[in-house]
Amino acid sequence: MKVSYRAQLNAPQSRISIIGHGYAGLPACYAAITRPHLFGNAGCLSPRLYAPLDGLTSHRIGLSWTVSNQLALNPEKKGLYNSQLYYIDIGENDDFEFPLHDPLAATENLVGLMKDTLGLEENKNIIFAVVPNEGNGMYRKMGETNENLLQRLRFPLQSFLKPQ
């Protein structure tokens, strides 16, 4: 059964933001990369870049492929990335419960690839942050109280609300 959803948005692209944390951080990033005409801002908080897509590959490979080939497949989108703002962060101790992976290196590699391929500039339309003392299971505490959640969301939201 195929299900599709359609949303009617009556806001300019520059004001539409998508934010996700953990497993939701990956699709938030993917949606903004593949739909730059729709999303002006993307917050990808500790995106799970290692999670398997189909048991054979990983999201990291899939997302890197998406970034690498986005302009080749859709050259008309080139100018749209300059109007976007990406906020990507990772906890300094985040191991995503998979200590054999290096989430910091994977996230740094993705940010570098986005800058090189999509023409994004550090602190202009891509912000990469390492959150101090986050990780080693600490991310579960983010949703335990509204205060924790709002504290973590403060940085991307402040970035999105700054005048460009």
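## Worked exercises on a predicted model

Let's begin with a loop residue: Glu121 sits between helix 3 and strand 4 (126–135). Keep in mind that this is a predicted model.

**Exercise 1.** Work out whether Glu121 is buried, partly exposed or exposed, and find how far its C-alpha atom is from that of Leu85.

*Solution.* Start with the surface: the relative accessible area of Glu121 is 43%. The partly exposed class runs between the 20% and 50% cut-offs, so Glu121 counts as partly exposed. Next, the distance: Glu121 and Leu85 are 36 residues apart along the chain, and their C-alpha atoms are separated by 9.6 Å.

**Exercise 2.** Place Arg15 in the chain and list what it touches, leaving out residues up to four places away in sequence.

*Solution.* First, the location: Arg15 belongs to the segment before strand 1 (17–21). Second, the surface: with a relative accessible area of 52%, Arg15 is exposed, because the exposed class starts over 50%. Third, the contacts: setting aside residues up to four places away in sequence, Arg15 touches Phe160 and Leu161. One more distance rounds this off: from Arg15 to Gln84 it's 9.9 Å, C-alpha to C-alpha, with their positions 69 residues apart in sequence.

**Exercise 3.** Decide how many disulfides the structure has, and explain why Cys29 and Cys44 do or don't form one.

*Solution.* Searching the whole structure turns up zero disulfides. Now look at Cys29: the nearest cysteine sulfur is that of Cys44, 3.5 Å away. Flip it around, and the nearest cysteine sulfur to Cys44 is that of Cys29, at 3.5 Å. A disulfide needs the two sulfur atoms within 2.5 Å, so Cys29 is in no disulfide, and Cys44 is in none either. As for the surroundings, Cys29 is buried at a relative accessible area of 1%, and Cys44 is buried at 0%.

**Exercise 4.** Find which residues touch the most other members of the largest nonpolar core, then trace which elements supply that core.

*Solution.* The largest nonpolar core holds 23 residues, and Ile33, Tyr86 and Met114 touch the most other members. Helix 1 (25–34), strand 2 (41–45), helix 2 (59–73), strand 3 (85–93) and helix 3 (103–118) each bring at least two residues to this core. Zoom in on Ile33: beyond four places in sequence, the residues it touches include Leu63, Val67, Tyr86, Met114 and Leu118, along with Thr66 and Gln70. Finally, there's a second, separate core of seven residues, among them Leu45, Tyr87, Ile127 and Ala129.

Definitions and conventions: Residues are numbered from 1 along each chain as its sequence is written. This is a predicted model: local features need pLDDT of at least 70, side-chain atom pairs count only at pLDDT 80 or more; totals for chains, interfaces and linings use all residues. Side-chain values use heavy atoms; hydrogens and water are left out. Buried means under 20% relative accessible area, exposed over 50%, partly exposed in between (1.4 Å probe, protein chains only). A nonpolar core is a set of buried Ala, Val, Leu, Ile, Met, Phe, Trp, Tyr and Cys residues joined through side-chain atoms within 4.5 Å. Contact means heavy atoms within 4.5 Å.
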